[in-house]
Amino acid sequence: MSFDSRAAGRFFPASLASAVDLQRRLAGRVRQTALPASPRRVAGADLSYDRARGRLYAAVVVLERSSGEVVEIARHEGPVRVPYVPGFLSFREGPAILAALDQLSRLPDLLLCDGQGLAHPRRFGLACHVGVATGLPTVGVAKSRLCGTHRDPGRRRGCRTRLVDRGEVVGAVLRTRTGVRPLYVSVGHRVRLEDACREVLFWARRFRSPEPVRLADREVAVMRRIVAGPTGQTG
DNA sequence: GCGACAG
DNA sequence: ATCTTGTCGC
C-alpha cells in the first residue's frame, strides 16, 4: 500500500513537496458514508515517544460496545523514523498504528485516532490516512486545533460548534464533559461527522477522551515504563 | 515578513 | 509528544 514505514522513512526531510502531493491524491479516496448505528468493536489508537532512546510505542485497544470491556490489545515498538512536522503527523505515526493493527486477531468496526481527520489543511489528517490505508471506518479525535476557526461551544457536555476552514465545515468542536475543554472531532474515513460526534460522545463519559483512546494512551505509557525499568534508569 | 502549527 | 514544582481553583 502507499503507506509503508520504509517509504515514510525516506520521506523526510527530503521532499515535503511529494508528501503534499500524496496527501492531495489520497484525500480523494476518503469516503463519508453512514456508519452502522452501533458498531460493536470500537478501538482507540495512541502513541508515545522516548526521546532519549529514539523509540516509539504504539497501542490499539479494542472495546466491546455492550459491555464496555477491553477485548483485545495490540502493541508495536519501533524506532522513530520521521520528525514531527505540523500537517504531516500521519507519516510519523501512521506506520506504527498499522503495525499494531496487524497484530490484532480481528479488526475493529471503528477506529478512533488521536489526531485530526478532515480537519487538516489538505483534508487528509492522520485518521484519514489510517482509514484509507486500511479501509477501516475511522474518526479523528484531537485535543487541540490544527486549522480552521470556530465559536466556543456551550459549557455543557454534548454542546458543539462547527469547525470551518476556508469556507468548509471540516469538523466539530465537541464538549464531552461539562466545563472541560472540548475535543476536535472530524471524519476520518467511512463515517459522517454526525456519526463521529455520536461515537465520541458515547465513549467519553467519565473522562474527556473517549475510553478506547484513553486506554490506548494508558497502554503506551505502561510500555514506556516497562522498557525504562522500575528505576527509570537507562543502563 | 509575521504568526500558527494535530502529536 | 515530552520535560517538570509548585500552585491556582473548586
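Analyst: One definition to start: a helix is a DSSP run of at least four residues, a strand is a run of at least two, and both are numbered from the N terminus. The model here is a predicted one.

User: Okay, so how many helices and strands does chain A have, and in what order do they come?

Analyst: Chain A has six helices and eight strands. Starting at the N terminus, they run α-α-β-β-β-α-β-α-β-β-β-β-α-α.

User: What makes chain A as compact as a globular protein of its length?

Analyst: Set its radius of gyration, 17 Å, against the globule rule, which gives 18 Å for 235 residues. The two values are close, so chain A counts as that compact. For a picture of the outline, its C-alpha atoms fill a box of roughly 50 × 40 × 30 Å along the principal axes.

User: And what share of the residues in chain A is buried?

Analyst: Buried residues come to 53% of the 235. The accessible surface is about 11,300 Å², and carbon and sulfur atoms account for 48% of that.

User: Why is Val 62 called buried?

Analyst: Buried means under 20% relative accessible area. Val 62 is at 0%, so it qualifies. Val 62 sits in strand E2, residues 55-64. Leaving out residues up to four places away in sequence, it touches several others, including Arg 41, Val 42, Val 70, Leu 104 and Pro 108.

User: What makes H4 largely enclosed by the rest of the structure?

Analyst: Go through its residues: eight of the nine are buried, so the label fits. Among them are Leu 126, Cys 128, His 129 and Val 132. The buried residues of H4 pack against helices H2 (16-27) and H3 (89-102), as well as E4, strand E5 (138-142) and E8. After H4 comes Gly 135, with a positive phi near 85°.

User: Which other residues have a positive phi without being glycine?

Analyst: Arg 123, with phi near 60°, is one of them. Arg 190, at about 55°, is another. Arg 123 lies in the loop between strand E4 (110-113) and helix H4 (126-134). Arg 190 is in the loop between strand E8 (183-189) and helix H5 (193-203).

User: Are those two arginines buried, partly exposed or exposed, and how do you know?

Analyst: Check each against the cut-offs: under 20% is buried, over 50% is exposed, and anything in between is partly exposed. Arg 123 has 12%, so it is buried. Arg 190 has 36%, so it lands in the partly exposed range.

User: How many disulfides are there, and how do you know?

Analyst: Zero. Take Cys 147: its nearest cysteine sulfur belongs to Cys 128, 11 Å away. A disulfide needs two cysteine sulfur atoms within 2.5 Å, so that pair doesn't make one. For Cys 159, the closest cysteine sulfur is in Cys 197 at 12 Å, which is too far for a bond.

User: Why do Cys 147 and Cys 159 get the burial labels they have?

Analyst: Cys 147 is at 8%, under the 20% cut-off, so it is buried. Cys 159 is at 25%, which falls between 20% and 50%, so it is partly exposed.

Notes
Residues are numbered from 1 along each chain as its sequence is written. Chains are lettered from A and ligands numbered from 1 in the order in which they are written. This is a predicted model: local features need pLDDT of at least 70, side-chain atom pairs count only at pLDDT 80 or more; totals for chains, interfaces and linings use all residues. Side-chain values use heavy atoms; hydrogens and water are left out. Buried means under 20% relative accessible area, exposed over 50%, partly exposed in between (1.4 Å probe, protein chains only). The radius of gyration is taken over C-alpha atoms; the globule rule is 2.2 Å times the number of residues to the power 0.38. Accessible areas come from the Shrake-Rupley method with a 1.4 Å probe; for residues, only the protein chains shown count as cover. Contact means heavy atoms within 4.5 Å.
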